[in-house]
Amino acid sequence: MPSPGSIIAVAGRKGGIGKTTIAGNLAAEFAFMGRRVIVLDADPQHSLAAWAGLGDGILSRCVERIKQGEPEQLRVRARKASHNAELVVIDTPPGMTETLYEAALAADLVLLPCGPSPLDLFALRDALSLALKARAERRAKKPRVRFVPSKVTLNTNLGRGLSTALESMGKKVLPGITQRVAIAEAVNAGLTVREFPGASVSRDEFHALAKAVEKILER
């Protein structure tokens, strides 16, 4: 059996912080870089699978649904998928601590997106606590945990100060994703920003994030 691929969980305790957007576009960047990718949609709303179904792009070929009410199967599915892909990306739901915890138990890397709102920062602390609890249970250095500034609006004080606020929480901060209309337009077309015309700035941001993630996974 070939060596298993890497598993990334995109997680958070709060909705509306860009988890699904980051999971889908990050997967597309790695596919563009020539990696075999499987995306597991563990959110009961299956927003990522719905996005994939709107078009015939990259996501339409690599997204798999996780059934609602089966968080204990997530680790099994993720590890099985890692033997068929070089990279497995898990999109987790907000508010469901058991699913987030199971994803962290399976993952090599947990990405915790956070928006500029103080409420996002409060919820981030809970998600970080769960990820670190999973690492302690595994008695290993995994999952590694990184913050991702998300839905950043650079022309506001909150947006400009987000990276600094995240760094103060003691974990490394990866390249952020700004709030842009092109991201939503790509979703409406069933595509990622990698495939969508006119999304060059967002494309560059997600590519920078993918390259930063790649460096972490290679260590």
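**Exercise 1. A network of salt bridges**

Arg 35, Lys 211 and Glu 214 are linked in a network of salt bridges; the model is a predicted one. Work out which contacts make up the network and where its members lie.

Solution.

Step 1. Take Arg 35. Its salt bridge is with Glu 214, and the closest N and O atoms are 2.7 Å apart. Arg 35 lies in the loop between helix 1 and strand 2 (37–41), while Glu 214 lies in helix 8. With their positions 179 residues apart, this pair links distant parts of the chain.

Step 2. Take Lys 211. This residue also forms a salt bridge with Glu 214, with 3.1 Å between the closest N and O atoms. Lys 211 and Glu 214 are separated by about one helical turn because they stand three residues apart in helix 8.

Step 3. Classify the three by accessibility, where buried means under 20% and exposed over 50%. Glu 214 has 12% relative accessibility, so Glu 214 counts as buried. Arg 35, at 25%, counts as partly exposed. Lys 211, with a relative accessible area of 36%, is partly exposed.

**Exercise 2. A buried pair**

Find where the partners in the salt bridge between Glu 29 and Arg 194 sit in the chain, and decide whether they are buried or exposed.

Solution.

Step 1. The whole structure holds nine salt bridges. In one of them the side chains of Glu 29 and Arg 194 meet, at 3.0 Å from N to O.

Step 2. Glu 29 belongs to helix 1 (residues 19–32), and Arg 194 to the loop between helix 7 (181–188) and helix 8 (200–217). The two are 165 residues apart, and the pair links distant parts of the chain.

Step 3. Glu 29 and Arg 194 are both buried.

**Exercise 3. Helix 5 and a cavity**

Describe helix 5 from its cap to the residue just after it, then state what helix 5 supplies to the lining of the second largest cavity.

Solution.

Step 1. At the N-terminal end, Ser 117 caps helix 5, with a side-chain oxygen 3.1 Å from the backbone nitrogen of Leu 119.

Step 2. Helix 5 has 21 residues and reaches 31 Å from first C-alpha to last, close to the 30 Å expected at 1.5 Å a residue. Its buried residues include Asp 120, Ala 123, Leu 124 and Ala 127.

Step 3. Those four residues also appear in the lining of the second largest cavity. Four residues is the largest share of that lining, and helix 5 supplies it. Strand 5 (109–114) is another element that supplies at least two residues.

Step 4. The second largest cavity has a volume of about 50 Å³. Its lining divides into seven nonpolar, one polar and three charged residues.

Step 5. Just after helix 5, Arg 139 takes a positive phi of about 55 degrees.

**Exercise 4. Backbone exceptions**

Most residues other than glycine have a negative phi, and most peptide bonds are trans. Locate Arg 139, His 46 and Pro 143, and say how the backbone departs from this pattern.

Solution.

Step 1. Arg 139 is not a glycine, yet has a positive phi of about 55 degrees. Arg 139 is found in the loop between helix 5 and strand 6, and with a relative accessible area of 79% this residue is exposed.

Step 2. His 46, also not a glycine, has a positive phi of about 50 degrees. Its place is in the loop between strand 2 and helix 2 (47–53). At 11% relative accessibility, His 46 counts as buried.

Step 3. Lys 142 and Pro 143 are joined by a cis peptide bond, with omega about 5 degrees. Pro 143 is in the loop between helix 5 and strand 6 (144–149).

Notes:
Residues numbered from 1 in each chain as written. Predicted model: local features only at pLDDT ≥ 70, side-chain atom pairs only at ≥ 80, totals over all residues. Heavy atoms only, no water. 1 Å grid on protein atoms, 1.4 Å probe; cavity = no way out; pocket = protein on both sides within 12 Å on 5 of 7 lines; lining within 4 Å. Points joined across faces, edges and corners; volume = space filled by probe spheres on them. Nonpolar A, V, L, I, M, F, W, Y, C, P; charged D, E, K, R; others polar. Expected span 1.5 Å × (residues − 1). Buried < 20%, exposed > 50% of the residue type's maximum accessible area, 1.4 Å probe, protein only. Polar contact = N/O pair within 3.5 Å; in protein donor to acceptor, adjacent residues only side chain to side chain. Salt bridge = Lys/Arg side-chain N within 4 Å of Asp/Glu carboxyl O.
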